[in-house]
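Colleague: Please take a close look at a single part of this model and explain how its pieces are arranged. I am in my first year, so please give the cut-offs for the terms as you use them.

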Amino acid sequence: MNLGALFSAHTFAHGVHPADYKALTCHLPIRRLPFASTLIVPLSQHAGKASIPLVQPGQEVVRGQPIAQADGFMSVPQHAPATGRIKSIELMPSARGPKIPSFILHVYEASTQQELYEYRHDIKTMSGDAIIQAVQDAGMVGLGGAAFPTHVKMKPPAEHHVDVLVANGCECEPYLTCDHRVMLEQPRNLIQGIRLVQRALGVERAIIGIEDNKMDAVHTLQQHLQDAAAISVQAVQTKYPQGAEKMLIKSLLNREVPPGSFPSAVGVSVFNVGTLAQIGELLPHGRGVIERVVTVSGAGVNKPGNYLVPVGTPVEFLLEFAGITDKANEVILGGPMMGMSVSALDVPVTKAMSGMVVLEKPAADTKHAKVLPCIRCGYCINACPMHLNPSMLGMLANSGDYETMQQDYHLNDCFECGSCSYVCPSNIPLVQYFRIAKSINRERAQQGNG
Amino acid sequence: MSSLSNVLIAVAFMASFGLILAAILVFANRRLAVFEDPRIDEVEAMLPHANCGACGTAGCRAFAEKLVAGDMQPSRCTVNSVEMNQVIANFLGVELGTQEKRVARLACAGGNNVARRHGEYQGVDSCRAAALVAGGGMDCAWGCLGLADCERVCDFDAISMDATGLPQVDDDRCTACGDCVEICPHDLFSLQPISHQLWVACKNLEKGDAAEAVCAVACNGCGRCAMDAPEVLISINNNLAVIDYSKNRLASRIAIERCPTGAIVWIEDGVQKGLQAKKIIRKSALPIE
């Protein structure tokens with residue numbers, strides 16, 4: 001490697017290189033999943049306030065019809081993912097644990113499931129504000145996993161001047177290939193979405209950042225963008241967590257987002273490519289998010305693939321369709337690094353669920369690996385992309401000194417990517433410690449305010 | 001000769017310099033001194049030095065200051081013995097005050113012999129961590145996770161986990177410091193005056209069969225206790241019995257008699273359940289489904 005390449009490489013410092021296992025599914029085209037007989041649509045699938053129901057139990061709904069409206073700006077509506085009848089609104093389990101109010105939708109088996117609901121927009125003449133409103137009406141949230149309402153990101157604080165739009169096509173989590181397939185199969189939707197968001201933000205320049213293990217996606221998009229100078233495609237180094245927005249901004253633009261701020265503070269807005277492709281596809285028709293691409297992968301799956309899944313499909317149904325092996329004993333929603341393992345299979349697929357990884361771990365009776373004392377090897381310090389000191393944070397967590405963690409060791413800059421736990425030779429579950437510390441600090445802050 | 005005078009000059013200079021500084025210090029000590037009641041130190045010495053915060057102040061020193069100022073009464077300290085608090089009261093010449101003993105009560109009775117689990121949690125042994133990962137595998141999203149965060153946080157060894165994985169509070173040792181209230185991720189602990197004998201040991205918000213399907217001792221919102229209780233002592237809110245403790249003098253065992261699951265209990269020499277409550281004869285943990 002020559003020195004020039006070293007300095008111009010599009011990457012960030014630190015990070016880890018987990019085995020990516022993407023070959024299992026990256027060549028498989030997106031396939032549509034049939035409808036389950038019962039769908040569970042939670043009223044809260046996003047960060048922010050839960051939606052307010054618009055329909056009553058017993059009412060018939062058509063596919064795509066809005067069934068819940070947004071409760072203020074920090075909220076999004078929900079749409080019926082299938083034609084059928086609302087059986088009830090009940091407390092149903094969610095992937096994170098608490099039971100949340102959800103629509104139970106009984107799907108009509110004989111229905112053609114044609115998407116009848118439509119509100120046409122003339123996207124050529126739409127103003128920026130109209131686009132933002134239409135994005136909220138579509139119930140759009142960050143499909144990469146954060147579930148942050150997209151329209152909120154399209155209205156950055158007035159004092160921030162955004163000059164670059166970044167489309168995040170890194171997909172740095174192992175196993176996941178849904179964004180990869182979307183970029184290969186729906187480049188027109190993606191570019192349409194980028195143009196719409198560019199107009200809403202008033203931004204000239206747009207960059208699509210893609211990890212260099214997906215060069216086919218880079219070439220496909222470059223072909224479609226031959227006559228569009230304002231939108232460029234940039235390959236970035238394959239490294240975890242390249243897809244974290246702060247890392248991607250550093251890699252592409254060499255700008256650093258200050259602690260505690262949004263990317264708009266350095267003039268950047270980052271959107272997941274899946275989100276942008278859905279905006280490009282749905283907005284002209286005024287439709288809502290009712291399905292998404294989910295990668296089902298892992299050693300425990302018989303038929304891994306990229307499935308187009310209606311929102312609200314129970315995880316169990318998806319697993320039945322893909323088939324699981326006898327030895328499968330752990331199901332993770334999202335990727336293996338940041339995803340959440342589920343304890344029940346009756347939780348629904350939500351808008352922000354990008355993948356499902358089924359693992360064949362050694363028999364459950366081995367219990368978790370033994371946690372050994374920290375040996376000060378410093379691997380975690382070299383892995384942390386935020387340049388924190390996970391070792392010190394871990395020791396403070398052990399002694400329960402959560403305030404020092406936050407005040408002196410920048411706990412809140414940790415976005416729980418899991419790189420430190422991944423490299424720790426002592427098996428210290430650092431990220432779990434940090435999550436505990438954050439949850440306690442959050443509660444203390446709430447009590448302080450209240 | 002000249003060397004001796006040099007030494008004398010140096011000694012004289014240092015001595016006079018020292019005297020001047022001493023004079024400044026004496027002046028500063030007189031003029032800038034802050035008077036602190038010497039009784040604060042003495043009262044502090046009589047306090048338990050647990051710095052637990054049960055009295056509502058930042059620690060024993062702060063409590064001693066409040067005592068000397070007369071803002072609080074000695075009985076606010078629940079860690080000290082009554083005799084020692086009486087000594088403080090006599091020393092300060094104030095009333096001992098009356099303070100009803102408060103203890104931490106757990107709003108859950110779902111031990112592993114009655115509450116169902118659908119998954120095995122394999123992470124850090126901490127309720128906080130389990131609550132952040134898919135609810136720790138419990139069917140009931142509101143119930144006790146049984147991983148003993150409260151036992152570890154208790155400075156007074158007042159909490160111990162029993163055979164079914166539920167924390168048991170030793171009323172004599174509990175000082176109502178509130179550490180367990182803060183640590184519990186499901187907010188199951190609260191500090192209750194010992195006179196609150198009627199108690200709802202459940203937080204499940206589901207109704208009827210849905211509630212009983214997850215735990216044999218869940219409140220299913222049937223409302224019998226509310227019907228039997230006088231003057232809206234008990235009401236059903238969100239499928240859960242809620243006791244209005246402002247009417248605590250009306251509370252009696254009658255309220256628990258018809259409870260079909262034993263979710264509402266009467267605390268007197270241990271926990272007493274109603275006659276109708278299903279008898280839980282199972283002693284071992286339920287299998288994980």
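Modeller: What follows is about chain B: a group of helices, then a sheet, then the contact with chain A.

The residues are numbered from 1 along each chain as its sequence is written, and chains are lettered from A and ligands numbered from 1 in the order in which they are written. The model is predicted, with local features needing pLDDT of at least 70 and side-chain atom pairs counting only at pLDDT 80 or more, while totals for chains, interfaces and linings use all residues.

The helices come first. Helices (H or I, at least four residues) and strands (E, at least two) are DSSP runs, numbered from the N terminus. Helix H2 of chain B covers residues 38-46, and helix H4 of chain B covers residues 82-92. Their axes come within 10 Å and cross at roughly 165 degrees. An axis here is a line fitted to C-alpha atoms, for helices over the stretch in contact, and the angle runs from 0 to 180 degrees between N-to-C directions. H2(B) is therefore roughly antiparallel to H4(B). In this naming, angles under 35 degrees count as roughly parallel, over 145 as roughly antiparallel, 65 to 115 as roughly perpendicular and the rest as oblique. The crossing of H2(B) and H4(B) is right-handed (the near helix is turned clockwise from the far one by less than a right angle; anticlockwise would be left-handed).

Which residues meet? From H2(B) they are B:Arg39, B:Val43 and B:Met46, and from H4(B) they are B:Met84, B:Val87, B:Ile88 and B:Leu92. Contact means that the C-beta atoms, placed from the backbone, lie within 7 Å. The residues of this contact divide into 6 nonpolar, no polar and 1 charged. Ala, Val, Leu, Ile, Met, Phe, Trp, Tyr, Cys and Pro count as nonpolar, Asp, Glu, Lys and Arg as charged, and the others, Gly among them, as polar.

H2(B) also packs against helix H3 of chain B, residues 60-69, at an angle of about 125 degrees and with the axes 9 Å apart. H2(B) and H3(B) are therefore oblique to each other. This crossing, too, is right-handed. On the H2(B) side the contact is made by B:Arg39, B:Ile40, B:Val43 and B:Glu44. On the H3(B) side it is made by B:Cys60, B:Arg61, B:Ala64, B:Glu65, B:Leu67 and B:Val68. These residues divide into 6 nonpolar, no polar and 4 charged. B:Arg39 and B:Val43 thus appear in the contact with H4(B) and in the contact with H3(B).

The sheet is next. In chain B, 3 strands form an open antiparallel sheet in the order E5-E8-E9. Two strands pair if DSSP finds at least two bridges between them. Strand E5 (198-200) and strand E9 (271-272) are at the edges, each with a single partner strand, so one side of each has no neighbour in the sheet. Strand E8 (residues 264-267) pairs with E9(B) in the antiparallel sense over 2 bridges. In E9(B), B:Gln272 is the bridge partner of B:Trp266.

Last, chain B touches chain A. The contact takes 18 residues from chain B and 21 residues from chain A. The chain B side has 8 nonpolar, 7 polar and 3 charged residues.

Definitions and conventions
Contact = placed C-beta atoms within 7 Å.
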